[in-house]
Every structure is written in structure tokens, then in C-alpha cells.
Amino acid sequence: MAIRQIRYLEDPILRKKSREITDINDRIKTLLDDMVETMYKSEGVGLAAPQVGILRKAVVIDVGEGLLKLVNPEILEVEGENIDFEGCLSIPGSSGKVIRPERVKVKYLDIDGNEKIIEGTGLLARALCHEIDHLDGILFIDKMIEEE
């Protein structure tokens, strides 16, 4: 595993759409492992592949409920509303209030290619939405309603 270079706000790759992963091979597994190591080293709770310069649909999240590695995540359902502060490893020193769903249901592939569904509430729901937004070139500052 290796620490990857995090891309920052000025990097145009953060505004591009990621491509679907069609084959979960060793390169993708290494990418996910590197993303986990990079996320932990940077003390984040989530990281999307574009944040390390790779335009593929891969996300890692750990909000304290266990590590998640999601390939091709897709939001199926949202419910409720939650307003809270967010930050981003790609925009250090910036945070603000963002409206997110209170609960989300997300379909994804695990590292073995099995389709899974996860339901998240609170911080997990927020992290899932935040990281999936990255895959579409959307940053939290685009949805921010109040800066801290």
C-alpha cells in the first residue's frame, strides 16, 4: 500500500465525471487499499478516487462503524433532511453547512464483485452522499448553504 497525492480544489480532475469500473482487478484493489491508507493518514472519514487523480467510481469510507470499500456506488433512495458541517480533504481549511438526506440507501459492488446494498443514517449518510458527489465532479462547496 502507498500514500497517494491528494488533489486540491484548483485541480480540474475534481470537476470531471468518473468512469464505471467494469473489472475489479488487482489494480483496482490496490487503488482502494492506497485510498484507505491515504484517508487514514489525512485523518479523513472518506475519500473518492478522483481525489487521488483517478477518474474511476471507487470510494472508501470509515465514519467509525467499520471500513467500507465501494465500487460503482449508486444512491437508490434518500429520506429526510439533515443540515450539518462538512469539510473535504481536497479543500483543506474550508468547511460549511450542507443539506444532506438523513438516510440513504446505496447499491455498490464489493471488492469481490458482489452487489451489495447499504443503508446509512446521520454521518454515514452524509459521507456516502459527499463521496458519491465526487464521482460526478461535485464538491461540497457547490451545495454549501453557509460557510463556517
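In this predicted model, helix H2 contributes the most residues to the lining of the largest pocket, five in number. The largest pocket holds about 250 Å³ of space. Strand E4 (82-87) and helix H2 (122-135) are the elements that each supply two or more residues to this lining. In total, 15 residues line the pocket, and those nearest its centre are Val45, Gly87, Cys88, His130 and Glu131. By chemical character, the lining comprises six nonpolar, five polar and four charged residues.

Strand E4 also takes part in other features of the model. Isoleucine 83 belongs to strand E4 and joins Ile99 and Ile145 in a nonpolar patch on the surface. Together, the three residues of this patch have about 260 Å² of accessible area. With a relative accessible area of 46%, isoleucine 83 is classed as partly exposed, because this value lies between the limits of 20% for buried and 50% for exposed residues.

Salt bridges number 16 in the model. Two of them involve glutamate 86. The side chain of glutamate 86 meets that of arginine 100 in a salt bridge, with an N to O distance of 2.7 Å. This pair links distant parts of the chain, since glutamate 86 lies in strand E4 and arginine 100 in strand E5 (residues 95-100), 14 residues apart. Both glutamate 86 and arginine 100 are buried. Glutamate 86 forms a further salt bridge with arginine 126, in which the closest N and O atoms are 2.7 Å apart. Here strand E4, which holds glutamate 86, is linked to helix H2, which holds arginine 126, and the two residues are 40 residues apart. Arginine 126, like glutamate 86, is buried.

A salt bridge between partners that are partly exposed is found elsewhere. The side chains of glutamate 74 and lysine 107 meet at 3.8 Å, N to O. Glutamate 74 is located in strand E3 (residues 68-79) and lysine 107 in strand E6 (residues 103-109), so this pair ties together parts that are 33 residues apart in sequence. Glutamate 74 has a relative accessible area of 40% and is therefore partly exposed, as the value falls between 20% and 50%. Lysine 107 is likewise partly exposed, with a relative accessible area of 25%. Finally, a network of salt bridges links Glu77, Glu79, Arg103, Lys105 and Glu119.

Technical notes: Residues numbered from 1 in each chain as written. Predicted model: local features only at pLDDT ≥ 70, side-chain atom pairs only at ≥ 80, totals over all residues. Heavy atoms only, no water. 1 Å grid on protein atoms, 1.4 Å probe; cavity = no way out; pocket = protein on both sides within 12 Å on 5 of 7 lines; lining within 4 Å. Points joined across faces, edges and corners; volume = space filled by probe spheres on them. Helix = DSSP H or I, 4+ residues; strand = E, 2+ residues; numbered from the N terminus. Nonpolar A, V, L, I, M, F, W, Y, C, P; charged D, E, K, R; others polar. Patch = residues over 30% accessible without salt bridge, like charges linked within 9 Å, V, L, I, M, F, W, Y side chains within 5 Å. Areas by Shrake-Rupley, 256 points an atom, 1.4 Å probe, with all protein chains shown as cover. Salt bridge = Lys/Arg side-chain N within 4 Å of Asp/Glu carboxyl O. Buried < 20%, exposed > 50% of the residue type's maximum accessible area, 1.4 Å probe, protein only.
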